[in-house]
Amino acid sequence: MIVPVMIFSINVQSPPSSQASYSAYQFCRALLRQGHNLHRVFFYQDGIYNATNLAAPPQDELDLYSEWQKLSKEHSVELVVCIAAALKRGLLNQEESIRYNKAGHNLAEGFTLGGLGQLIEAAAVSDRLITFGN
Amino acid sequence: MHKKILLISRHAPYGNSIAKDAFDAALATAIYDQDLSMLFMDDGIFQLLRDQQAQEISQKSFTSMLSALPFYDIDKLYIHQESLEQRGLTIENLIVDNATIVNSAQISNLLNHQDHILSF
């Protein structure tokens, strides 16, 4: 069966402690394997915890944090974290850390902070927007 | 691109931030000039209850947030009939008066007419 090539965007709403985050990641890998385009992965609500660089998962578990970064590097996928959701949960980049006079910053490399408009823009330009979580 | 987006809100207003996050996503959708509809079902119905006193638990009331919807031209509101009935509520218990009550069969139809679904 020939599947038409589609543009996908992914909305991750659950933290890495939830299977939904792993499913989102595996779905991204699967759609890229099948030749589709991945426009953006957007992290909203507790999904923002996927973007911390301070997590140290056990060595015998999949390091989902690093996997997102690898995915982004290999396929030039945009990983956008909702800035409002991130700030209120203690996930900051350097710029926001300085702005709010906080002790440090912990947004992992490869992720960027952006507004909710980036989720809606992703919906507007994608053939499929798939939400994981909730 | 102009897309038809249905936002489904299925969680109670307080207890966690899911309903509030759905609301923020709705406003962003409207600002981005997409064709937005909102469907309240399951415990999401409770967001629409009259006489909420969220200040008692140091939260922002949904009543004032809902009253902002017309200013964003968000006027396609749907309420799931069975969710109302299961919770012993009628439209008189709710603050919105411009919403369309839909049953489960009509929801299928509503879903079929969208480009995207955002589920909260």
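The largest pocket of this predicted model encloses about 180 Å³ of space. Its lining draws on both chains: A:K88 appears alongside B:P13, B:Y14, B:G15, B:N16, B:S17, B:K20, B:Q59, B:K60, B:F62 and B:M65. Sorted by class, the residues that line the largest pocket comprise four nonpolar, four polar and three charged ones.

From the pocket, attention can turn to the strands of chain B. Strand β1(B) has five of its six residues buried and is therefore largely enclosed by the rest of the structure. Its pairing partner considered here is strand β2 of chain B, residues 35–40; the two run in the parallel sense and are joined over six bridges. Two of the partnerships can be followed residue by residue: B:I5 is bridged to B:L36 of β2(B), and B:L7 has B:M38 in β2(B) as its bridge partner.

For β2(B), burial extends to six of the six residues, so this strand too is largely enclosed by the rest of the structure. Neither face is left open: one side carries B:D35, B:S37 and B:L39, the other carries B:L36, B:M38 and B:F40, and all of these are buried. The bridge partners named above, B:L36 and B:M38, thus sit on one side of β2(B), together with B:F40.

Helix α5 of chain A, which spans residues 117–125, offers a view across the two chains. Buried within this helix are A:L119, A:I120, A:E121, A:A122, A:A123 and A:A124. In chain A, the buried residues of α5(A) pack against β1 (7–12), β2 (37–43) and β5 (128–132). In chain B, they pack against β1 (4–9), α1 (18–31) and β5 (116–119). The enclosed strand β1(B) is therefore among the elements that meet the buried residues of α5(A).

Helix α2 of chain A, covering residues 64–75, contains A:E67. This glutamate counts as buried because its relative accessibility is 13%, under the 20% cut-off. The side chain of A:E67 makes a polar contact of 3.0 Å with that of A:K70. An α-helix has 3.6 residues a turn, so residues three or four places apart point the same way. Beyond the neighbours within four places in sequence, A:E67 is also in contact with A:Y25, A:R29 and A:L62.

In chain B, helix α2 runs over residues 62–67 and includes B:T63. With residues up to four places away in sequence set aside, B:T63 touches B:L49, B:Q52 and B:I95. A separate distance places B:T63 relative to B:D115: the two are 52 residues apart in sequence, with 29 Å between their C-alpha atoms.

Each chain also has a backbone feature worth a look in the loop between α2 and β3. In chain A, this loop, which leads to β3 (78–82), holds A:S76. The phi angle of A:S76 is near 50 degrees, a positive value in a residue other than glycine. A:S76 counts as exposed because its relative accessibility is 66%, over the 50% cut-off. In chain B, the loop between α2 and β3 (77–80) is home to B:D73. Phi of B:D73 is near 55 degrees, again a positive value in a residue other than glycine. B:D73 is exposed as well, with a relative accessible area of 66%.

Terms used
Residues numbered from 1 in each chain as written. Chains lettered and ligands numbered in written order. Predicted model: local features only at pLDDT ≥ 70, side-chain atom pairs only at ≥ 80, totals over all residues. Heavy atoms only, no water. Helix = DSSP H or I, 4+ residues; strand = E, 2+ residues; numbered from the N terminus. Buried < 20%, exposed > 50% of the residue type's maximum accessible area, 1.4 Å probe, protein only. Polar contact = N/O pair within 3.5 Å; in protein donor to acceptor, adjacent residues only side chain to side chain. Contact = heavy atoms within 4.5 Å. 1 Å grid on protein atoms, 1.4 Å probe; cavity = no way out; pocket = protein on both sides within 12 Å on 5 of 7 lines; lining within 4 Å. Points joined across faces, edges and corners; volume = space filled by probe spheres on them. Nonpolar A, V, L, I, M, F, W, Y, C, P; charged D, E, K, R; others polar. Pairing = 2+ DSSP bridges.
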